[in-house]
Amino acid sequence: MKTLIINIKELLQVRKSSILKISGAEMAILPTIKNAYLVIQNGLIADYGSMENLPEDLNPEKCIDVDGKMVLPAWCDSHTHIVYAGNREQEFVDRINGLSYEEIANRGGGILNSAQKLNETNEEELYNQSKVRLEEIMRLGTGAVEIKSGYGLTLEGELKILRVIKKLSKDYSITIKATFLGAHAIPQEFKENRKGYIDLIIDKMLPEIAKNKLAQFIDVFCETGYFTVLETEQIMKAGIQFGLKPKIHVNQFNSIGGIQAGIKHNALSVDHLEVMKPEDIEALKNTETMPVALPSCSYFLEIPYTPAREMMSAGLPLALATDFNPGSTPSGNMNFVISTACIKMKMTPEEVINAATINGAYAMGISETHGSITIGKKANLIITKPISSYYQLPYAFGSNLIDTVFIEGEVIA
Ligand code: NIG
Ligand code: FE
């Protein structure tokens, strides 16, 4: 099947050679072609160029005229927890009434609340609840997503989440990567026996997950009150032995050395980064580890935003993701993420589009196939509504500027 899209007002994020990530000052540059065409064949980007050079012998089965609209790669959301049961709307109201996220967690709410709900929910019901969120983010323009476990905190619960993620990735065309986050919190029954829970992760959960090929990445919530740097290292090392690459939660509330630990173990990404010391930025220089900011989480919890400008000035790359989860970010809207990054982190439209496409793809290990308009990459695309310039995308926050989403060359409903 060959589809031709013509009269594209501006084709965004065009990269001739397959660049894997964008760093520092380069993030301010977004290559585009005005008045362009694009050819999709067998789910991939087969050709593109300026309308002036449109070949006459293309013979497409389908031709779409998108006069006035723009085309860009679908968003790459490299950090979510969308497989969860129920919600935490009561905690949201408790926070409005004055309790902090930490106080709620200390009362047995937070992650442990979600874990209890998840363990009471059967696999089919969990799948049905989660697919609603997956379909929603696809309509919002996400073409690749990472999904974490971490609301089971029992062998059966963690496996259940990872099996649901696997079934979602079989049933839907969106690219899905799975991350094992057994080390999300210490469950109540292990409060006096942390070592017992870490042993359970390493000796029971990891072998089972690896045997059934249920995850590609290993995550740990490295934070005061959750997992120490030493425990994080121990769990990352064990994950690596089972073939999982680390992608870890660090520096959300405190800077305790998680970034340095991640880099030491070649983490693909270090995520959150709301609280950054100068030495944290220094440590990330000249590494292959992608820093990932989650501005919707900062918004929802009213915590600091990742210091994007300082990090990019230091030459670092940056990716943006949603963190979609029931506690700290009940939203999977990448369009809101890019607006918030512009408004609150003072990133430019060019920088946020780079961060939410190619750099997001890098943070999932898929930037050879996703995240830019490059021949041979997946035809995962957003067609916008008619817009005056791509500045509209972050500027008109709250408006839905997406006309159509293509995933693997097919329009999704
Ligand atoms: O990324 N910080 C750790 N985990 C999630 C939130 C967990 C929750 O509150 O359910 C996050 O923000
Ligand atoms: Fe998270």
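This report looks at a surface patch and the enclosed cavities of a predicted model.

## Basis

Local features need pLDDT of at least 70 and side-chain atom pairs 80 or more, while totals for chains, interfaces and linings use all residues. Residues are numbered from 1 along each chain as its sequence is written, and side-chain values use heavy atoms, without hydrogens and water.

## Surface patch

Let's start outside: Phe92, Val93 and Ile96 make up a nonpolar surface patch with about 260 Å² of accessible area together (Shrake-Rupley, 1.4 Å probe, only the protein chains shown as cover). Patch residues have over 30% relative accessible area and no salt bridge, and nonpolar side chains are joined within 5 Å; a salt bridge puts a Lys or Arg side-chain nitrogen within 4 Å of an Asp or Glu carboxyl oxygen.

Val93 sits in helix α1, residues 89-96 (a DSSP run of H or I, at least four residues). Val93 counts as partly exposed because its relative accessibility is 36%, between the 20% and 50% limits for buried and exposed.

## Cavities

Now inside: there are two cavities of 30 Å³ or more, each a set of points on a 1 Å grid where a 1.4 Å probe fits but cannot get out. The largest holds about 100 Å³ of space. Its lining has 14 residues (an atom within 4 Å of a point), with His81, Tyr101, His184, Asn325 and Ser328 nearest the centre.

The second largest cavity holds about 60 Å³. Pro73, His370, Gly371, Lys378 and Asn380 are the closest to its centre among 15 lining residues.

Conventions:
Chains are lettered from A and ligands numbered from 1 in the order in which they are written. Patches are made of residues with over 30% relative accessible area and no salt bridge: like charges are joined within 9 Å, nonpolar side chains (Val, Leu, Ile, Met, Phe, Trp, Tyr) within 5 Å. Helices (H or I, at least four residues) and strands (E, at least two) are DSSP runs, numbered from the N terminus. Buried means under 20% relative accessible area, exposed over 50%, partly exposed in between (1.4 Å probe, protein chains only). On a 1 Å grid over the protein atoms alone, a cavity is a set of points where a 1.4 Å probe fits but cannot get out, and a pocket is an open set with protein on both sides within 12 Å along at least five of seven lines; lining residues have an atom within 4 Å of a point. Grid points are joined across faces, edges and corners, and a volume is the space filled by probe spheres set on the points.
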